[in-house]
Amino acid sequence: MGFKAIKYEFVEIQVVSGASAQRYAYPDLPKLRYTALQAITTYTTNTLTNCPSGNVIAPLAVLKNAYLVLYSNERQDLYRIPYLELNRIQNSSSDSFVRSLWEASNQKITWDKSYIELSATPTFSTACSFAFGVYYA
């Protein structure tokens, strides 16, 4: 039996032009408070041109150095998941992707303590976003 979505939220971590940090936190996500994470996916520039905010997706070179850290149970239980490990859409022969959706175990995520961490420090020449699809119950 395959995965069945109950609820879905498109989430962006927005980055302003000129930013050069190695850590970018999730914004306040009121709809995801007190929910159970079922699955998460990411999007690349080969999948989406723009996010709902109008920002472009962060460049692929940056995404290759990006790791997701999710707080659960007041700890970093889901620590440094490679961003591209969560990408399941293949658009070209050069796309990094996995075939299946990355499923969680209904953990309660503390989103305001969760973030993207970069192993290299880029300077963003334009505003962009890290984009996620969050499936929850």
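Which residues does Tyr135 touch, not counting residues up to four places away in sequence? Close-up 1 has the answer, and the other views move on from there. Keep in mind throughout that this is a predicted model.

**Close-up 1. Tyr135 and the residues around it.** Start with the strand: Tyr135 sits in S9, which covers residues 128–136. Leaving out residues up to four places away in sequence, Tyr135 touches Phe3, Ala5, Lys7, Tyr8, Ala36, Leu37, Gln38, Ala39, Ile40, Thr41, Arg88 and Leu101. Tyr135 counts as buried because its relative accessible area is 11%, and the cut-off for buried is under 20%. Another tyrosine, Tyr26, is 109 residues away along the chain, and the C-alpha atoms of Tyr135 and Tyr26 are separated by 16 Å.

**Close-up 2. The largest nonpolar core.** Now have a look at the 37 residues that make up this core. Tyr26, Trp111, Phe130 and Phe132 are the members that touch the most other members. Plenty of elements chip in with at least two residues each: the strands S1, S3 (36–43), S5 (66–72), S6, S7 (102–108), S8 and S9, along with helix H1 (60–63). Which strand gives the most to this core? That would be S9, with six residues.

**Close-up 3. Glu12, a buried residue with no salt bridge.** Here we're in strand S1, residues 7–15, where Glu12 lies. How far away is the nearest side chain of opposite charge? It belongs to Lys31, and it is 13 Å from Glu12. A salt bridge would need a nitrogen within 4 Å of a carboxyl oxygen. What Glu12 does have is a couple of polar contacts through its side chain: one with the side chain of Ser53 at 2.6 Å, and another with the side chain of Ser129 at 2.7 Å. Setting aside neighbours within four places in sequence, the residues in contact with Glu12 are Pro27, Cys51, Pro52, Ser53, Asn55, Ser129 and Phe130. Phe130 is a name you've already met, as one of the core members that touch the most others.

**Close-up 4. Glu117 and Arg80, a salt bridge between two strands.** Side chains of opposite charge can pair when their charged atoms come close. In this view, the side chains of Glu117 and Arg80 meet in a salt bridge, at 2.6 Å from N to O. Glu117 belongs to strand S8 (residues 115–118) and Arg80 to strand S6 (residues 75–82), so this pair ties together parts that are 37 residues apart in sequence. Is Glu117 buried or exposed? Glu117 is buried, at 13% relative accessible area, whereas Arg80 is partly exposed, at 40%. There's a third partner to look for here too: Arg23 is linked with Arg80 and Glu117 in a network of salt bridges.

**Close-up 5. Two further salt bridges, Arg33 with Asp28 and Arg75 with Asp77.** How many salt bridges are there in the count for this model? The count comes to six, and this view picks out a couple of them. In the pair formed by Arg33 and Asp28, the closest N and O atoms are 2.7 Å apart. Arg33 is partly exposed, with 41% relative accessibility, while Asp28 is exposed, with 54%. The side chains of Arg75 and Asp77 meet at 2.9 Å, N to O. Arg75 is partly exposed at 48% relative accessible area, and Asp77 is partly exposed at 34%.

Key: Residues are numbered from 1 along each chain as its sequence is written. This is a predicted model: local features need pLDDT of at least 70, side-chain atom pairs count only at pLDDT 80 or more; totals for chains, interfaces and linings use all residues. Side-chain values use heavy atoms; hydrogens and water are left out. Helices (H or I, at least four residues) and strands (E, at least two) are DSSP runs, numbered from the N terminus. Buried means under 20% relative accessible area, exposed over 50%, partly exposed in between (1.4 Å probe, protein chains only). Lys and Arg count as positive and Asp and Glu as negative; His and the chain ends are not counted. A polar contact is a pair of N or O atoms within 3.5 Å; within protein, one must be able to donate a hydrogen and the other to accept it, and residues adjacent in sequence count only if both atoms are side-chain atoms. Contact means heavy atoms within 4.5 Å. A nonpolar core is a set of buried Ala, Val, Leu, Ile, Met, Phe, Trp, Tyr and Cys residues joined through side-chain atoms within 4.5 Å.
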